[in-house]
Structure formats: C-alpha cells, structure tokens
Amino acid sequence: MHTEKIRVDPIEPDVGSVSKAASYLQLGEVIVFPTETVYGLGGDALNVKAVGKIFKIKGRPQDNPLLLHVSSLEMAQRCASEDIARHSRLIDTLWPGPVTLIFRKSSEIPHFVTAGLDTVGIRFPAHPVARFLIELLGSPVAAPSANLSGKPSPTEEKHVIEDLDGLVPCMLLSGKAPLGLESTIIDLTETPPALLRPGPISPEQLQELLDDLTLAPSASDYRSSPKAPGMKYRHYSPDVDLVLIIGDLGKALAHSKKLSEGKKSVILCCEEHAKAFANIAPVRVLGSIHEPYGIALNLFGALRDLSKTGVDLAISESFPEKGIGLAIMNRLRKAASRIVE
Ligand code: TXA
Ligand code: MG
C-alpha cells in the first residue's frame with residue numbers, strides 16, 4: 001500500500017491537508033496523526049471495521065482496549081453513560097491536555113473498541129492537528145500509540161515511518177511530539193479514583209485536584225498485575241538487553257562497570273553524570289536532571305536507537321520519581337529486561 005505523507009503545521013494546520021486525512025477516516029481507513037504526547041494510529045471509533053484494522057495493523061492483542069479521542073466535551077459525554085460534569089473541576093483543569101479519563105461506557109461505543117470492558121478511556125488532546133481532525137470527522141477517533149505492538153511509542157516522524165510505512169494509506173506528520181510520553185490515565189470508575197498510568201501531568205498536581213487519588217500498583221510496580229490491560233504486555237522493548245540500575249550515582253557506576261566488562265555497551269544517563277559514565281562505556285545523554293521534561297522527550301527515541309547502535313547491552317541509571325519522573329521510571333521499568341534494585 002502506498003502511504004501518502006502529509007506534512008502539516010503543528011500550530012496552524014492547513015485546512016486542506018487535515019480535510020484530506022479526515023476523508024480517509026470517513027471511508028473507514030486508519031491513519032497516523034500527531035498528538036501532544038505521541039503519534040496515534042486512528043480510526044472512526046463507531047466503525048467496527050476501522051477499529052478492526054487498528055488491531056491488525058499494530059499487531060495488538062484484542063483484549064487490549066483502545067482510547068477514544070474527542071474534540072469537545074459534548075463528544076466526550078456521548079462516549080460515557082454517566083454525567084461527566086460530575087468531574088468538572090478535573091476536566092476544566094486538565095482538558096484539553098495529556099490526560100485520559102476512564103468513565104463508564106455509553107452504548108453508542110462498540111464493545112470491540114473497549115475489548116469488552118464496560119468502561120472507556122476518553123482523551124481530549126490539546127494538539128491542534130488532532131483536534132481539527134476529530135472535529136472534521138465529527139465522531140470519536142479510536143487510537144492507540146502509532147507503533148507496532150511492543151515497540152516504544154513513536155515521538156518523531158521517522159519512528160512512524162519506520163513502523164507503519166506501507167501499512168496505512170495516510171500519515172499526518174507534524175514533527176516531534178511536544179511531550180514524548182503517553183497520557184496520564186486516571187480511572188474515575190473506581191472509588192477512590194486510581195492513577196493507572198503516570199504521564200506528563202505530575203501526580204502531585206493530580207493529587208491537588210483529586211485528594212483521594214490512589215496510585216494503582218501497576219503504576220509504580222512493574223511486577224503487579226495491572227488494571228490498564230495494556231500495561232501487562234512487555235512494552236517499549238528495545239531489541240537490545242536493557243538493565244536498569246535503581247540507586248544513586250555511586251551504585252550505578254559500580255554496577256555499570258561490572259555489567260559492561262567484556263561487552264559492547266552503552267549507558268543512558270543525564271547530562272550531569274555523562275562524564276563519570278563515559279569512563280566506563282559510550283553514553284547516550286537523555287537530558288539534564290534539572291529538566292526532566294527534556295528527559296521524557298528523548299527517552300523513546302533513545303530506546304529505539306539502541307537496536308541501531310550495534311551494542312549488545314544497554315544500561316540505564318535511574319531518575320528521581322517525582323513529577324514526570326514517575327512516568328519516566330515507569331516506562332524504563334517496562335523497557336528493562338533486568339532491574340538491579
Ligand atoms: O497519549 C496517549 O494516550 C496516546 C496518544 C496516541 O493519545 N495513546 C496511547 O494509547 O498511549 P495506547 O493504546 O498505546 O495506551 C492506552 C492504554 C493501554 O494500556 C490500554 O490497555 C489502556 O490505556 N486502556 C484503554 N482503555 C482502558 C479502559 N477502559 N480501562 C483501563 N485501561 C484502558
Ligand atoms: Mg501504546
């Protein structure tokens with residue numbers, strides 16, 4: 001299949017370009033589109049055939065539900081069977097933005113989209129291209145991240161091209177995704193509400209809005225059985241073994257030295273520690289420890305590159321688990337083949 005690649009300005013998207021992409025959705029096709037978190041692989045959520053194509057193209061297990069992307073509160077309400085205005089403080093603060101909220105599902109949404117669940121994850125993206133696309137379709141867009149199942153989520157144009165060129169008829173491309181980590185997921189159908197997947201919105205800010213918010217075990221502990229079905233699959237896995245070392249710089253240096261003996265390895269670390277690690281092996285700097293959003297932005301690209309560098313071992317230091325750091329560590333734990341605690 002030929003993939004039409006349409007480049008579109010992320011801030012002021014051209015009407016003709018986005019309309020072209022929307023017409024593919026109207027025909028029941030599945031396309032790649034940008035969001036502020038990562039690129040999505042979207043189809044009309046109300047068209048069961050289109051939804052089937054998403055699972056097939058991605059190689060995604062059918063017990064893993066898809067999120068619905070909406071472009072207005074009215075559209076969000078159509079997806080839910082409960083009154084979403086009950087959470088208006090949360091919604092007014094966080095939407096549009098990188099947060100997915102789980103509600104009870106309305107009967108309009110096919111069960112196939114939610115993998116049989118009675119709940120539905122609703123995301124109102126802030127990215128102008130995503131919003132415009134959904135608006136033009138006039139229906140919710142079902143979309144997982146636009147990577148092949150198991151690979152890190154795509155944050156750059158080259159990532160979606162690498163995974164999906166020839167598998168979809170159209171890609172809307174708007175450069176690097178501004179945040180680089182998938183949305184924060186909060187389950188509002190539980191009492192108390194639960195943080196299922198940490199993301200760009202810090203848990204500290206969420207706790208201000210939802211004082212009884214609990215951290216689902218899977219959000220912090222990679223071993224427990226997760227409530228977001230997709231969290232049970234190994235994710236973000238580079239083709240190279242990745243060892244994550246939990247602890248301070250001294251511990252990370254000592255273990256890196258031992259692990260990399262006789263191996264061709266690379267170390268993922270922050271700018272501030274690069275010099276110390278460079279004595280042991282080549283380093284891949286993720287960003288400054290003082291700017292964790294920069295680290296988040298570079299993480300998935302770095303994981304993807306590991307398989308291209310010809311190394312047989314990757315080692316990563318750990319990062320402080322506060323703010324977006326909780327999400328960074330959640331993704332690193334999932335990507336790691338071994339964790340040194
Ligand atoms: O930022 C994002 O959320 C990106 C962009 C494209 O919007 N999307 C994304 O979708 O990360 P995906 O499918 O890669 O991850 C969604 C996660 C999966 O782990 C899935 O199991 C979980 O959300 N999920 C979806 N519906 C759910 C539901 N009703 N209850 C619990 N978890 C759900
Ligand atoms: Mg995904």
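The legends below describe close-up views of a predicted model.

**View 1. The open sheet and its edges.** The sheet has 11 strands with mixed pairing, in the order β1-β8-β2-β3-β7-β4-β6-β5-β9-β10-β11. Its edge strands are β1 (4-7) and β11 (214-215), each of which pairs on one side only.

**View 2. The pairing of β5 with β9.** Strand β5 (residues 99-104) and strand β9 (residues 184-187) run parallel and are joined by four bridges. Within this pairing, I102 stands opposite D187 in β9.

**View 3. Helix α1 and its buried side.** Helix α1 spans residues 15-26, 12 residues in total. From its first C-alpha to its last it reaches 16 Å, close to the 16 Å expected at 1.5 Å a residue. S17, V18, A21, A22, Y24 and L25 are buried in α1. These residues lie on the same side of α1, because they cover an arc of only 150° around the axis. The packing partners of the buried residues of α1 are β1, β2, β3, α5, β7 and β8. Just after α1, G28 has a positive phi of about 85°.

**View 4. Helix α5 across the strands.** Helix α5 (residues 128-137) lies across β2 (31-33), β3 (40-44), β4 (68-69), β7 (141-142) and β8 (170-173). Relative to β2, α5 runs at about 140°. Helix α5 is also among the elements against which the buried residues of α1 pack.

**View 5. N64 in the loop before β4.** N64 is located in the loop between α2 (48-58) and β4. With a relative accessible area of 7%, N64 is buried, since the cut-off is under 20%. The side chain of N64 makes a polar contact with the side chain of R60, at 3.1 Å.

Definitions and conventions: Residues numbered from 1 in each chain as written. Chains lettered and ligands numbered in written order. Predicted model: local features only at pLDDT ≥ 70, side-chain atom pairs only at ≥ 80, totals over all residues. Heavy atoms only, no water. Pairing = 2+ DSSP bridges. Helix = DSSP H or I, 4+ residues; strand = E, 2+ residues; numbered from the N terminus. Contact = heavy atoms within 4.5 Å. Axes fitted to C-alpha atoms, helices over the stretch in contact; angles between N-to-C directions. Buried < 20%, exposed > 50% of the residue type's maximum accessible area, 1.4 Å probe, protein only. Polar contact = N/O pair within 3.5 Å; in protein donor to acceptor, adjacent residues only side chain to side chain. Expected span 1.5 Å × (residues − 1). Arc of directions from axis to C-beta.
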